Amino acid sequence: MSHFDSIVKGGTVFTACDSYVADIGIKDGRISAIGINLGDDAKETVNAFDRYVIPGGIDPHTHFDMPFMGTRSSDDFETGGIAAACGGTTTIVDFANQWRDGMSLGETVEEWHKKASEKCPVDYGFHVVIAHPSDTVMREIPEMIRNGYTSFKLFMTYEGLMATDDVLLESLIKASEGGGLVAVHAENFHIINYYTKRFMAEGKVEPQYHALSRPPIAEGEATGRAIKLARLAGAPIYMVHVSCRESVEEIDRARSEGITAMGETCPQYLLLSYENYLEPGFAGAKYVMSPPLRDKESQPFLWKALKEDVLQVVSTDHCPFFMKQKEMDKESFVKIPNGAPGVELRMALLYTYGVCAGKFDMNRYVQLTSTNAAKIFGIYPKKGAIAVGSDADLVILDPNEEKTIERSMLHENVDYTPYEGFAVKGYPEAVMLRGKILAKGGAFVGSKGGGSFIKRNSPIFI
Ligand code: URP
Ligand code: ZN
Ligand code: ZN
């Protein structure tokens with residue numbers, strides 16, 4: 001019998017804090033040895049000489065198969081999971097959305113289990129979106145946490161989904177008492193509502209008015225308010241898809257005052273801008289998402305926040321819609337479904353425009369793409385680590401290989417990518433989930449439904 005099921009040989013291993021050349025021995029889906037010259041006693045050898053080896057990516061913000069704004073996000077757990085795998089992401093945490101009034105949180109996650117099981121090729125967990133609170137729903141929070149759903153999302157905007165401040169406060173208190181975490185989509189509904197009505201009345205219906213109706217102050221105000229509620233509750237808080245300086249400053253201040261405020265941004269806010277909304281025809285609709293893309297001037301603040309640990313995670317908020325869905329009503333920016341694809345390109349974009357551009361080093365890259373999300377969302381060190389005993393979720397990349405992004409090379413079930421024509425380096429050459437190769441050279445070689453649900457623990461605050 002072989003000592004190892006497989007050995008990844010001779011790669012330069014990067015973790016959140018170290019880098020060294022080593023072989024990685026894998027047995028029963030886990031890393032069982034890390035050392036020099038582990039030998040050849042394995043069923044399979046993966047050559048990683050001159051390559052980087054990093055922990056499998058964790059994207060803690062996806063919306064697969066989600067009913068939203070009168071339609072449904074176009075990637076399900078199979079296509080979205082394949083796209084994630086090919087791009088080097090081996091674990092996702094999706095949002096199980098209490099999208100119908102009267103649904104319990106238990107029913108909500110059951111619905112998401114049905115969507116994911118036997119389909120998802122990467123490991124997955126669920127955040128629970130509280131969109132229709134009631135006394136009964138709020139009483140479910142501790143049980144959800146005990147069952148491995150240790151994070152909740154509340155929206156401060158979107159008619160029909162948004163939470164009022166009292167609901168947010170109660171959720172923060174209940175989640176924190178039970179050992180869980182609340183994640184918040186922060187935008188001031190009333191500011192948005194005012195500008196939306198005004199622009200529509202003035203006949204300003206094009207995609208760029210989506211952005212203009214949601215100014216950075218609307219996000220910054222809501223971020224500050226949410227953090228104040230967390231402070232009052234004595235609870236930790238996690239800010240999703242932070243897009244602008246105004247929000248970064250609120251999180252920075254809170255952290256410097258000792259509040260456990262954490263946050264993520266996404267590649268679109270680091271690399272795209274308001275100018276994309278001005279693309280001819282209705283093409284600006286591709287970028288309609290909330291919060292919207294900001295002026296280019298906001299990008300350096302986000303990069304700095306990532307480097308200086310004001311923000312801890314880069315997720316994608318992957319929520320794709322075909323152009324025919326985006327174009328349902330060209331007479332109203334309000335009707336354009338909010339969201340864009342990104343799950344397949346996160347790892348390569350952040351390596352290229354983060355590490356290769358000198359914004360931060362490989363250890364910070366590993367923290368931002370994997371380790372920090374594993375800690376915050378309660379799956380560390382099973383995930384997010386290259387250590388003996390951790391799941392053998394590994395990405396092997398050639399640090400120098402270059403590619404130009406074309407929609408046709410991607411697996412996302414959508415007819416565009418916002419990153420068309422972007423040059424990237426370090427595209428994952430091989431991707432392993434629990435010791436099995438999931439993707440090779442950008443092609444999927446794993447199995448439908450090969451992913452497992454991960455019951456998550458309480459967060460580690462960073
Ligand atoms: O535009 C976005 N972000 N769509 C997905 C839902 C959300 O707000 O995260
Ligand atoms: Zn959101
Ligand atoms: Zn989202």
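**A walk through the cavities, pockets and odd bonds**

Okay, let's start with a small space: the second largest cavity holds about 40 Å³. Before I go on, please keep in mind that this is a predicted model. So who lines that cavity? The residues are Ala186, Glu219, Thr223, Met239, Val240, His241, Val242 and Pro291. Sorted by class, that lining gives five nonpolar residues, two polar and one charged.

Hold on to Pro291 from that list, please; Pro291 comes back later.

Now, how many cavities of 30 Å³ or more does the structure hold? There are two. The largest cavity has about 110 Å³ of space. Its lining takes 14 residues, and His63, Phe68, Tyr158, Asp317 and Asn338 are the ones closest to its centre. By class you get six nonpolar, six polar and two charged residues there.

And what takes up that largest cavity? That's the space taken by ligand 1. Let's look at the ligand itself, then. Around ligand 1 you'll find 14 residues, with Tyr158, His185, Ser290, Asp317 and Asn338 the closest. This shell is made up of five nonpolar, seven polar and two charged residues.

If you zoom in, there are some polar contacts to point at. The side chain of His63 puts an N or O atom 3.1 Å from an oxygen atom of ligand 1. His185 also reaches a ligand oxygen, with a polar side-chain atom 3.0 Å away. With Asn338 it's the backbone: an N or O atom there sits 3.0 Å from a nitrogen atom of ligand 1. And how much of the ligand does the protein bury? Ligand 1 on its own exposes 260 Å², and 100% of that is buried by the protein.

On to the pockets. The largest pocket offers about 410 Å³ of space. There are 17 residues in its lining, and nearest the centre are Met69, Tyr158, Glu159, Arg214 and Val334. You'll recognise Tyr158, which is also among the closest residues to ligand 1. Which element gives the largest share of this lining? That would be helix α6, residues 189–201, with four residues. In terms of class, the lining of the largest pocket has nine nonpolar, six polar and two charged residues.

The second largest pocket comes in at about 250 Å³. It's lined by 15 residues, and those closest to its centre are Pro216, Leu293, Arg294, Asp295 and Ser298. Two helices to look for here are α7 (208–212) and α9 (245–256), each supplying at least two residues of the lining. The class split for this pocket is eight nonpolar, one polar and six charged.

Last stop: some backbone oddities. As background, most peptide bonds are trans, and most residues other than glycine have a negative phi. Here's where Pro291 returns: the peptide bond between Ser290 and Pro291 is cis, with omega about -5°. Pro291 is in the loop that runs between α10 (267–271) and α11 (299–307). And remember, Ser290 is one of the residues closest to ligand 1, while Pro291 helps line the second largest cavity.

There's another cis bond, joining Tyr380 and Pro381, with omega about 5°. You'll find Pro381 in the loop between α14 (362–376) and β16 (394–397).

And where's the positive phi? Look at Asp28, which isn't a glycine but has a phi of about 50°. Asp28 sits in the loop between β2 (19–27) and β3 (30–35).

That's the tour, thanks!

Notes: Residues are numbered from 1 along each chain as its sequence is written. Chains are lettered from A and ligands numbered from 1 in the order in which they are written. This is a predicted model: local features need pLDDT of at least 70, side-chain atom pairs count only at pLDDT 80 or more; totals for chains, interfaces and linings use all residues. Side-chain values use heavy atoms; hydrogens and water are left out. A residue is near a molecule or strand if one of its heavy atoms lies within 4 Å of it. A polar contact is a pair of N or O atoms within 3.5 Å; within protein, one must be able to donate a hydrogen and the other to accept it, and residues adjacent in sequence count only if both atoms are side-chain atoms. Accessible areas come from the Shrake-Rupley method with a 1.4 Å probe; for residues, only the protein chains shown count as cover. On a 1 Å grid over the protein atoms alone, a cavity is a set of points where a 1.4 Å probe fits but cannot get out, and a pocket is an open set with protein on both sides within 12 Å along at least five of seven lines; lining residues have an atom within 4 Å of a point. A molecule sits in a cavity or pocket if more than half of its atoms lie within 2 Å of its grid points. Ala, Val, Leu, Ile, Met, Phe, Trp, Tyr, Cys and Pro count as nonpolar, Asp, Glu, Lys and Arg as charged, and the others, Gly among them, as polar. Grid points are joined across faces, edges and corners, and a volume is the space filled by probe spheres set on the points.
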